[in-house]
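The following explanation leads from the overall division of the chain to individual helices, the ligand surroundings and one loop residue. It is best read with the structure in view.

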Amino acid sequence: MSRLALLSVSDKTGIVELAQALVEKFQFEIISSGGTAKTLEDAGISVTKVSDYTGSPEILGGRVKTLHPRIHGGILARQDLSEDIADLEANDIRPLNLVVVNLYPFEQTIAQPNVTVAEAIEKIDIGGPTMIRAAAKNFKYLTVLCSPSQYDGYLAEYEQSQGEVSLEFRQQMAGSAFAQTNNYDRAIAAYFAQLNSSEDLGDNYSIGGSKVQSLRYGENPHQPAAWYQTGTIASGWASATKLQGKELSYNNLVDLEAARRIITEFDPQEPAAAVLKHTNPCGAAVGNTLADAYEKAFNADNISAFGGIVALNQPIDAQTAQALTKTFLECVVAPGCDDAAREILQSKSKLRILILPDLATGQPETIKAIAGGFLIQQSDDKIENPDDWQIVTEKKPTSEQVAEMLFAQKLVKHVKSNAILVSRDRTTLGIGAGQMNRVASVKIALEQAGAKASGGILASDGFFPFDDSVRTAAAAGISCIIQPGGSIRDKDSIAAANKLGLVMVLSGTRHFLH
Ligand SMILES: NC(=O)c1ncn([C@@H]2O[C@H](COP(=O)(O)O)[C@@H](O)[C@H]2O)c1NC=O
């Protein structure tokens with residue numbers, strides 16, 4: 001008797017070609033659910049409808065099509081176990097050799113605007129995952145395929161093995177099938193979590209993804225690494241277009257994500273640029289034009305900018321492209337790039353240019369692995385409002401200083417703690433990052449700023465435990481300090497600021513970044 005394949009697919013891509021090969025080359029018989037059967041019949045392929053095979057019509061508007069013992073017995077039978085064979089014979093069930101299923105497009109459905117819960121629920125596939133999981137469990141006896149991308153590989157394997165598809169191949173397909181049903185259920189769970197959303201993070205959190213690509217290595221050459229995307233619809237970096245340049249590395253992606261977060265702090269109407277090294281900005285600026293913003297950001301610390309990652313909040317134009325080609329950079333990300341700029345950038349063929357039109361959409365949460373689990377927090381997307389700030393010194397800030405502090409606050413939260421940032425004219429002058437005591441970060445930022453610090457403002461991601469940072473800042477000519485406040489010695493820092501003629505503002509919001 002010829003071999004039996006069950007085909008029940010929502011995405012009909014490649015199904016006719018697969019069925020043709022199965023029937024014409026390998027003499028399979030095919031059973032199919034309604035829509036799939038129609039597609040195959042229309043292409044002139046001989047097929048038995050599931051409803052004819054089971055003797056049960058599809059009911060409940062398609063909610064029950066393949067959920068039948070004649071189908072599931074054929075999938076789950078241990079084909080070398082006499083008791084199972086006896087059961088099959090007693091119930092007139094034929095064992096299956098191949099199950100090809102792909103699922104209702106749940107993620108695509110909920111991605112559409114204004115989808116109702118009822119519409120979303122109808123796209124939760126029940127029969128499909130049931131068949132996929134059953135077939136994957138029984139991989140010892142049959143093959144399960146759940147993506148059109150697997151069809152050619154299967155046909156090649158079938159031909160090469162003369163029908164004896166290897167156990168290794170079947171096990172591989174089974175693993176892929178379970179990963180797919182896992183991802184599918186995770187998307188459904190996430191949808192429900194968002195429907196039931198409250199202030200708290202939920203009781204359960206699952207992370208899953210499919211590989212975008214293997215990476216050459218991780219942070220260092222001895223660390224294997226790969227890049228995964230969540231969901232089946234590419235979004236974020238998985239949806240970015242690389243116009244040119246070398247392959248992306250693990251460190252590139254980590255830096256690019258930090259760059260994306262920084263640049264989305266700025267209104268796309270005002271040209272802004274940031275240059276990063278090891279996830280910290282080494283320079284950032286707002287300018288009259290994009291090229292102006294980039295030049296300012298680059299010159300803020302042109303030594304550190306060598307080999308940097310650049311983020312721009314407007315499409316790259318020719319003038320900016322010219323500026324970008326003047327030095328060695330690792331990557332540039334922008335929401336677009338015009339033709340003239342593309343041509344100019346080609347002179348730096350190794351430079352990676354990433355186009356991410358939607359820079360603003362990222363993960364709402366950050367995730368960190370710890371032994372035995374992981375930590376989730378909402379991303380620090382708080383937008384500072386000067387109305388919430390408290391002016392604590394006798395001297396009050398000018399409107400220009402308020403604007404400058406707002407600029408600095410957008411950036412200091414993206415600098416590794418302890419973070420200090422000195423700026424003037426919407427350009428960073430010096431950044432102290434990742435020091436274990438705050439005054440060390442103050443010294444680094446001021447040293448980088450040099451004489452330009454005079455009249456500038458200084459922002460701190462955490463409070464000052466002592467007044468030493470204030471005194472150091474004043475000695476360098478800083479005129480205004482913004483810090484969250486909250487130390488038991490705030491009064492010492494405020495007294496020092498008053499004595500030295502500085503403005504001090506308490507933002508009330510700490511922005512640690514570890
Ligand atoms: N309910 C069932 O018994 C059932 N059996 C298979 N499906 C799905 O129906 C789709 C194929 O349907 P059709 O061949 O009618 O176009 C596939 O995505 C398959 O996963 C079902 N649909 C939903 O649960």
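Domain bounds, as used here, come from an automatic or database domain assignment. On that basis the chain of this predicted model is divided into domain 1 (4-195), domain 2 (235-355) and domain 3 (386-506). The centres of domain 1 and domain 2, taken over C-alpha atoms, are separated by 46 Å.

A record offers a further description of the N-terminal part. UniProt, in an unreviewed entry, places the feature "domain: MGS-like" at residues 1-146. Over residues 1-146 the chain is 45% helix and 14% strand, and 25 Å lie between the end C-alpha atoms.

Helix α1 (residues 15-25) may be taken as the starting point. Its buried residues are I15, L18, A19 and L22. These residues lie on the same side of α1, because they cover an arc of only 95 degrees around the axis. The exposed residues E24 and K25 are carried by the face of α1 turned away from its buried side. The cover over the buried residues of α1 includes the strands β1 (4-9), β2 (29-32) and β4 (98-102), together with the helices α2 (34-42) and α9 (151-160). After α1 comes Q27, with a positive phi near 55 degrees.

Helix α4 (residues 69-76) can be examined in the same manner. Here I71, G74 and I75 are buried. They share one side of α4, because the arc they cover around the axis is only 100 degrees. The partners against which the buried residues of α4 pack are β1, α3 (50-54), β4 and α8 (127-137).

Helix α9, already met in the cover over α1, has buried residues of its own. Y154, E157 and Y158 are buried in α9. Their arc around the axis is only 100 degrees, so they are on the same side of α9. On the face turned away from that buried side, α9 carries the exposed residues A156, E159 and Q160. Packing of the buried residues of α9 is against β5 (143-145) and α10 (167-195). Just after α9, a positive phi of about 50 degrees is found at Q162.

Which residues are closest to the ligand? Of the 21 residues that surround the ligand, the closest are S10, G35, T36, G127 and G128. Two or more residues of the shell are given by each of β1, α2, β4 and α8. The largest share, 3 residues, comes from α2. By residue type, the shell around the ligand divides into 7 nonpolar, 11 polar and 3 charged residues. Several of these elements recur from the helix packing described above: β1, α2 and β4 belong to the cover over the buried residues of α1, and β1, β4 and α8 pack against those of α4.

The last stop is a residue in a loop. E219 is located between β6 (210-215) and β7 (225-229). Is E219 buried or exposed? E219 counts as exposed because it has 11 C-beta neighbours inside 10 Å, and the exposed class extends to residues with 12 or fewer. When neighbours within four places in sequence are left aside, E219 is in contact with Y250 and N251. E219 and R352, which are 133 residues apart in sequence, lie 18 Å apart in space, C-alpha to C-alpha.

Notes:
Residues numbered from 1 in each chain as written. Predicted model: local features only at pLDDT ≥ 70, side-chain atom pairs only at ≥ 80, totals over all residues. Buried ≥ 20, exposed ≤ 12 C-beta atoms within 10 Å, placed from the backbone. Helix = DSSP H or I, 4+ residues; strand = E, 2+ residues; numbered from the N terminus. Arc of directions from axis to C-beta. Contact = placed C-beta atoms within 7 Å. UniProt positions renumbered as here; feature names shortened; annotations may be inferred. Near = placed C-beta within 6 Å. Nonpolar A, V, L, I, M, F, W, Y, C, P; charged D, E, K, R; others polar.
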